[in-house]
Amino acid sequence: WRGTDEGTKLKEGGSSGFEAKLAGYRNTNGSFKDRGGLTYLWSSKNSGDNASRRVLYDDNVKVYRDHTFNKRYGISVRCLKN
């Protein structure tokens, strides 16, 4: 996910075919936040209570990553069918 506008390409309507929905996330207290504003996607890389995630924002063209996000949060995953 390199480049200058990869976030735009990965969101719904983008050119990549990924079609990420800006689903927001579930906070550790059970409340839901930022629906329509961003999406977090789990990565397969994890360590203890934390895992890596990728972040797409509604108002930004880039993809961000965070290597120390607590797994108690509820965030999106992408399932692939073989």
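Glutamate 19 comes out as partly exposed, with a relative accessible area of 37%. In this predicted model, glutamate 19 sits in the loop that links α1 (6-10) to β1 (25-26). The backbone there does something a little unusual to look at: glutamate 19 is not a glycine, yet has a positive phi of about 60 degrees. Aspartate 34 tells a similar story, again with a positive phi of about 60 degrees and again without being a glycine. Aspartate 34 belongs to the loop between β2 (32-33) and β3 (38-47), and with a relative accessibility of 41% it counts as partly exposed.

Stepping back to the whole chain, the protein is built from 1 helix and 5 strands. Read from the N terminus, the order of the elements is α-β-β-β-β-β. The radius of gyration is 13 Å, close to the 12 Å that the globule rule gives for 82 residues, so the protein is as compact as a globular protein of that length. Laid along its principal axes, the C-alpha trace spans about 35 × 25 × 25 Å. Of the contacts with a separation of 6 or more, 34% are between residues 24 or more positions apart.

As for the surface, the accessible area of the protein adds up to about 5,800 Å², and carbon and sulfur atoms hold 43% of that. Of the 82 residues, 27% count as buried. The protein carries 16 positive and 9 negative charges, and the mean positions of the two sets lie 6 Å apart.

Turning to the interior, the largest nonpolar core is made of 6 residues, namely Tyr25, Leu38, Tyr40, Val55, Phe69 and Ile75. A second, separate core has 5 residues, among them Phe18, Ala20, Leu41 and Leu56. Leucine 38, one of the members of the largest core, touches Leu22, Ala23, Gly24, Tyr25, Leu56 and Tyr57 once residues up to four places away in sequence are set aside. That list takes in Tyr25, a fellow member of the largest core, and also Leu56, which is counted in the second core.

Two further positions round out the picture. Lysine 9 has its place in helix α1 and, at 29% relative accessibility, counts as partly exposed. Apart from neighbours within four places in sequence, lysine 9 is in contact with Gly14, Ser15 and Ser16. Leucine 56 is 47 residues away from lysine 9 along the chain, and the C-alpha atoms of the two are separated by 10 Å. Asparagine 27, by contrast, is in the loop between β1 and β2. With a relative accessible area of 16%, asparagine 27 is buried, since the cut-off for that label is under 20%. Setting aside neighbours within four places in sequence, the contacts of asparagine 27 are Lys33 and Tyr73.

Notes. Residues numbered from 1 in each chain as written. Predicted model: local features only at pLDDT ≥ 70, side-chain atom pairs only at ≥ 80, totals over all residues. Heavy atoms only, no water. Helix = DSSP H or I, 4+ residues; strand = E, 2+ residues; numbered from the N terminus. Rg over C-alpha atoms; globule rule 2.2 N^0.38 Å. Buried < 20%, exposed > 50% of the residue type's maximum accessible area, 1.4 Å probe, protein only. Contact = heavy atoms within 4.5 Å. Areas by Shrake-Rupley, 256 points an atom, 1.4 Å probe, with all protein chains shown as cover. Lys, Arg positive; Asp, Glu negative; His and termini not counted. Charge placed at Lys NZ, Arg CZ, Asp CG, Glu CD. Core = buried A, V, L, I, M, F, W, Y, C linked by side-chain atoms within 4.5 Å.
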